[in-house]
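Visitor: Please show me the model, and then let us go through its strands, its core and its backbone.

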Amino acid sequence: YPNGQMRGIIYRTTDGGNNWLFQVPDTSINIGYAHIYFKDKFNGWIYDIYPRGVHTTTGGDPIWVTGITQISIQVPKEFKLYQNYPNPFNPTTIIRFQINRLSDVNISVYDIQGKLITELVKQKYNAGTYEVDFTGKGYSSGVYFYSLTIDGVLIETKKMLLIK
């Protein structure tokens with residue numbers, strides 16, 4: 001409730017509803033979402049009541065918040081991607097990572113054929129240790145890979161096993 005005004009949250013999924021990201025609208029531009037339109041069950045946009053145009057489209061604003069929990073603010077000595085736990089998992093697992101400086105962080109999940117199935121994390125984070133949930137709901141049993149990329153550089157890839 002900035003300045004005593006209510007504001008909404010926009011939710012987005014890129015994998016058919018298995019994992020969700022959310023976005024708190026920028027309060028500096030005073031948008032009141034009045035028009036929401038979806039051309040099909042996967043694509044839509046929102047625009048405000050004034051003639052300022054589209055606020056978000058497929059892909060939306062650049063900052064989306066995932067269900068990430070910061071575990072520690074202590075500055076680690078190195079970048080690190082931990083093994084997910086539990087592993088094997090059904091249907092949810094936790095992926096932990098640490099970064100030693102302010103960085104653009106990307107954690108992507110791939111199937112056994114190397115096809116990108118979701119980006120769990122894609123934004124800038126301060127130094128610290130973090131955890132993010134991955135839900136295998138809607139995916140078939142099998143081997144999946146997840147990778148940590150920092151500032152565009154691949155740091156590490158790990159394997160996880162989904163068993164249903």
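The questions and answers below take up these topics in turn.

Guide: This is a predicted model, in which local features need pLDDT of at least 70 and side-chain atom pairs count only at pLDDT 80 or more, while totals for chains, interfaces and linings use all residues. Residues are numbered from 1 along each chain as its sequence is written, and side-chain values use heavy atoms, with hydrogens and water left out.

Visitor: Which are the edge strands of the open sheet of four strands?

Guide: Strands here are DSSP runs of E with at least two residues, numbered from the N terminus, and two of them pair if DSSP finds at least two bridges between them. The antiparallel sheet has the order β10-β9-β12-β13. Pairing on one side only marks the edge strands, β10 (116-125) and β13 (153-162).

Visitor: Which residues have the most contacts inside the largest nonpolar core?

Guide: Such a core is a set of buried (under 20% relative accessible area, 1.4 Å probe, protein chains only) Ala, Val, Leu, Ile, Met, Phe, Trp, Tyr and Cys residues joined through side-chain atoms within 4.5 Å. This one has 22 residues, and those with the most contacts inside it are Ile95, Phe97, Val105, Ile107 and Phe134.

Visitor: Is aspartate 151 buried, partly exposed or exposed?

Guide: Aspartate 151 lies in the loop between β12 and β13 and has a positive phi of about 50 degrees. Most residues other than glycine have a negative phi. Partly exposed covers the range between buried and exposed, the latter being over 50%; because its relative accessibility is 35%, aspartate 151 counts as partly exposed.
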